[in-house]
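Visitor: Hey, got a minute to walk me through this one? I'd like to start with the strands and then move on to side chains.
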Amino acid sequence: MLRIASFAKVSPEQFIKDWTDTFDQTACQAEEIYSRILLPRRGTSGSAGYDFFAPAPFTIQPGQTVKIPTGIRVRMEEGWVLACFPRSGLGFKYRLQLDNTVGIIDSDYWQSDNEGHIFCKLTNDSKQGKTLELEAGTGFMQGIFLPFGITLDDSVSDRRNGGFGSTSAKSAK
């Protein structure tokens, strides 16, 4: 196995800012949640996915969406990407979906202004009316490291600074 990445928590300040911007909670509550964040890990030696764990309990009603600041960032070697998916059992039982279908975390996201804070936006798309209850520390998403290639004529030299939509391709004039 190639060892190409490492997970870390974002700073307490970044997490508290993002958590309180997302949820109606105090900085003290966010600080307590931060202290319990678990780094992603594989469940078995044969697992491809690194499980991300809920930093707090969540109840997601059918048709409801929740945005989760995970408190996690990842440093990885260039030429790799972290692809994020719902845990397969939750997708099977609840039709749990990531709102962007597959989350893509690029290697240069680590250097963003928000410290590369990974967010997850989940929707419970249950057609059977099932409510999903996630306890704090429960795996809800998995990330898989994948290599990628570029074209022979690629000449991109721009640097990232931001999250969603910050790398929109600009057409050559």
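Guide: Sure. Strand β4 (residues 65-69) runs antiparallel to β9, and 5 bridges join the two. Helices and strands here are DSSP runs, H or I of at least four residues for helices and E of at least two for strands, numbered from the N terminus. Two strands pair if DSSP finds at least two bridges between them.

Visitor: Before we go on, what kind of model is this, and how are residues numbered?
Guide: This is a predicted model, where local features need pLDDT of at least 70, side-chain atom pairs count only at pLDDT 80 or more, and totals for chains, interfaces and linings use all residues. Residues are numbered from 1 along each chain as its sequence is written, and side-chain values use heavy atoms, with hydrogens and water left out.

Visitor: OK, back to β9. Which residue there stands opposite I68?
Guide: That's C120. β9 also pairs with β7, in the antiparallel sense, over 3 bridges. There, L96 has N124 in β9 as its bridge partner.

Visitor: What about K67, where does that sit?
Guide: K67 is in strand β4. Its relative accessible area is 39%, so K67 is partly exposed (buried means under 20%, exposed over 50%, partly exposed in between, with a 1.4 Å probe and protein chains only).

Visitor: And what does K67 touch?
Guide: Leaving out residues up to four places away in sequence, K67 touches T22, F23, F119, C120 and K121. Contact means heavy atoms within 4.5 Å. As for C84, K67 is 17 residues from it in sequence and 14 Å in space, C-alpha to C-alpha.

Visitor: Which strands make up the open sheet, and in what order?
Guide: The order is β2-β11-β6-β8, 4 strands with antiparallel pairing. β2 (50-53) and β8 (103-106) each have a single partner strand and stand at the edges, so one side of each has no neighbour in the sheet. From one strand to the next, the twist averages 30°, with axes taken as lines fitted to C-alpha atoms (for helices over the stretch in contact) and angles running from 0 to 180 degrees between N-to-C directions.

Visitor: How many bridges join β2 to β11?
Guide: 4 bridges, and the two strands run antiparallel. One pair to look at is D51, whose bridge partner in β11 is Q142.

Visitor: Switching to charges. How many salt bridges are there?
Guide: A search of the whole structure finds 6. The cut-off is a side-chain nitrogen of Lys or Arg within 4 Å of a carboxyl oxygen of Asp or Glu.

Visitor: Give me one that links distant parts of the chain.
Guide: D125 and R95 form a salt bridge, with the closest N and O atoms 3.0 Å apart. D125 is in the loop between β9 (119-124) and β10 (132-134), while R95 is in the loop between α3 (88-94) and β7 (96-98), 30 residues apart. D125 is partly exposed at 21% relative accessibility, and R95 is partly exposed at 35%.

Visitor: Any networks?
Guide: K17, D18 and D21 are joined into one network by salt bridges that share partners. In it, the side chains of K17 and D18 meet at 3.8 Å, N to O. K17 is partly exposed at 46% relative accessibility, whereas D18 is buried at 8%.

Visitor: Now the rings. How many aromatic pairs does the structure hold?
Guide: 9 of them. W19 and F23 form a tilted one, 4.6 Å centre to centre with 45° between the planes. Rings of Phe, Tyr and Trp (its six-membered ring) pair if their centres lie within 6.5 Å; planes under 30 degrees apart count as stacked, over 60 as edge-to-face and the rest as tilted.

Visitor: And W19 with F58, how are those rings placed?
Guide: Their centres are 6.3 Å apart and the planes are at 55°, so that pair is tilted too. W19 lies in helix α1 and F58 in strand β3 (residues 58-60), so the pair ties together parts 39 residues apart in sequence. Both W19 and F58 are buried. Ring pairs link F15, W19, F23, Y34 and F58 into a cluster.

Visitor: Y34 is in that cluster. Which residues of α2 are buried?
Guide: In helix α2 (residues 27-35), they are A30, I33 and Y34. Down the axis of α2 they fall within an arc of 100°, so they line one face of the helix; the arc is that of the directions from the helix axis to the C-beta atoms. What covers them includes β1 (5-9) and α1 (12-22).
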